[in-house]
Amino acid sequence: MRLETRVVLVSFLTLSLVVSGLACGPGRGYGRRRHPKKLTPLAYKQFIPNVAEKTLGASGRYEGKITRNSERFKELTPNYNPDIIFKDEENTGADRLMTQRCKDKLNSLAISVMNQWPGVKLRVTEGWDEDGHHFEESLHYEGRAVDITTSDRDKSKYGTLSRLAVEAGFDWVYYESKAHIHCSVKAENSVAAKSGGCFTGSASVTLKDRRQKAVRDLTPGDKVLAADSAGNLVYSDFIMFTDRDSTTRRVFYVIETKEAAEKITLTAAHLLFVLDNSTEDLHAMTAAFASAVRPGQKVMVVDDSGQLKSVIVERIYMEERQGSFAPVTAHGTIVVDRVLASCYAVIEDHGLAHWAFAPVRLYYDVSTVVFPKYFTIQSNATLQQEGVHWYSKLLYKMGTWLLDSHKLHPLGMSVYSS
């Protein structure tokens, strides 16, 4: 069965959940995905993401050493998972101490290791360190880093082990030496700990009457500038927010253009339409994660005459902003700050994501026709709630079952799997 067919079938099976009320959430009990058999091992000395460990795009800055006598010692929690072997060479239990985020990722990796190599367990050679055995400002001193091997210490497995660690959601994975793999996570209060697919609340969209409106102020039924599947500009109904968070500070990618001097600000896992520099054909545009866009590529910008044109990306940088919003339109696209973007995130396939939201669009279409007044009341009461929408979480679960891991953004996992 083709992948698109499987996704559509599974999506429409959820329609009964959707029509029962968008305020209701899914039940518990979703199983953990087994990793695909074909994995791309990391090369020796390779690290993912391809930035320095203590930068915003990876595990973030060093926040200070934690000692047993410090107030922050309560941030550490022991890991007694029987499926993990702790070397504990100090015989103090220090290697078992780590932040909750590190513990969660490590426990997830332990399951992946057993699935990948039956009879083999995950082994931790170093966790939290209190003896000063690491370089200055090492994340081991905060319980945010672990050095790992497999229990059989088979070095031929370490490249694949690194890949499994990436899939488990560690924020930085480094095939550091022939003896171990180094993994680390963001701080519990990190501004980058949640990196789904959103725009800033102050980002601007264009309504059908040509007025500008902040993304955070959108309400279901607003007609906003977007593009259809042929690349033509249209006004599309705003349906819902898949993520709405007014308070949390997050890391955003700011992508600036050269010719038009426009810029769009969005989180790492959000999809943006791009063209290679070698073509001007708008039909050749593809959707890429914001974190994967590079200077020299082109993005689609609405010019002063109201036409869509491609403009070269000049520079990309990251900055912290408060508040993040992920609007969805009937066409699955939206023009934000005059730049055309997808409404979707985390899964690097705009077409597939649009198919997956077909039940939501159907529910919206039927409700606005059959129960227009009731839908308006329900829209304002349920679709505007804070947090990640349950349907997005459900689709992410489906994605982990049906898609290869390379289609899923590693930072987006921390949101939709939470």
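Reader: What makes β1 and β3 the edge strands of the open sheet?

Author: In this predicted model, the sheet has six strands in the order β1-β7-β8-β6-β5-β3, with mixed pairing. β1 (47-48) and β3 (84-86) each pair on one side only, and they are the edge strands.

Reader: Why is the pairing of the sheet called mixed?

Author: β3 and β5 (residues 122-126) pair in the parallel sense over three bridges, with Phe 86 having Val 124 in β5 as its bridge partner. β5 and β6, by contrast, are antiparallel and pair over four bridges; there Arg 123 stands opposite Thr 149 of β6. β6 and β8 also run antiparallel, joined by four bridges, and Ile 148 has Ile 181 in β8 as its bridge partner.

Reader: How do you know that β3 and β5 pair?

Author: Two strands count as paired if at least two bridges lie between them. β3 and β5 have three bridges, so the condition of at least two is met.

Reader: Which strands does helix α4 touch?

Author: Helix α4 (residues 158-168) packs on the sheet and touches β1, β5, β6 (145-150), β7 (172-174) and β8 (181-184). The direction of α4 makes about 135 degrees with that of β6.

Reader: Why is β6 called largely enclosed?

Author: Buried means under 20% relative accessible area. Six of the six residues of β6 are buried, so the strand is largely enclosed by the rest of the structure. This holds for both directions: Ala 145, Asp 147 and Thr 149 point one way, Val 146, Ile 148 and Thr 150 the other, and all are buried.

Reader: Why does Leu 362 count as partly exposed?

Author: The relative accessibility of Leu 362 is 37%. Partly exposed lies between the limits of 20% and 50%, so Leu 362 counts as partly exposed. This residue is in helix α6 (residues 358-370). Together with Val 366, Val 369 and Val 370, Leu 362 makes a nonpolar surface patch of about 350 Å².

Reader: What is the phi of Lys 45, and what is that of Arg 338?

Author: Most residues other than glycine have a negative phi. Lys 45 has a positive phi of about 75 degrees and is not a glycine; its place is the loop between α2 (15-19) and β1. Arg 338, also not a glycine, has a positive phi of about 70 degrees and lies in the loop between β18 (333-336) and β19 (339-345). Lys 45 is partly exposed at 41% relative accessible area, and Arg 338 is partly exposed at 32%.

Reader: Which peptide bond is cis, with omega near -5 degrees?

Author: The bond from Ile 48 to Pro 49 is cis. Most peptide bonds are trans. Pro 49 is in the loop between β1 and β2 (77-78).

Terms used. Residues numbered from 1 in each chain as written. Predicted model: local features only at pLDDT ≥ 70, side-chain atom pairs only at ≥ 80, totals over all residues. Heavy atoms only, no water. Helix = DSSP H or I, 4+ residues; strand = E, 2+ residues; numbered from the N terminus. Contact = heavy atoms within 4.5 Å. Axes fitted to C-alpha atoms, helices over the stretch in contact; angles between N-to-C directions. Patch = residues over 30% accessible without salt bridge, like charges linked within 9 Å, V, L, I, M, F, W, Y side chains within 5 Å. Areas by Shrake-Rupley, 256 points an atom, 1.4 Å probe, with all protein chains shown as cover. Salt bridge = Lys/Arg side-chain N within 4 Å of Asp/Glu carboxyl O. Buried < 20%, exposed > 50% of the residue type's maximum accessible area, 1.4 Å probe, protein only.
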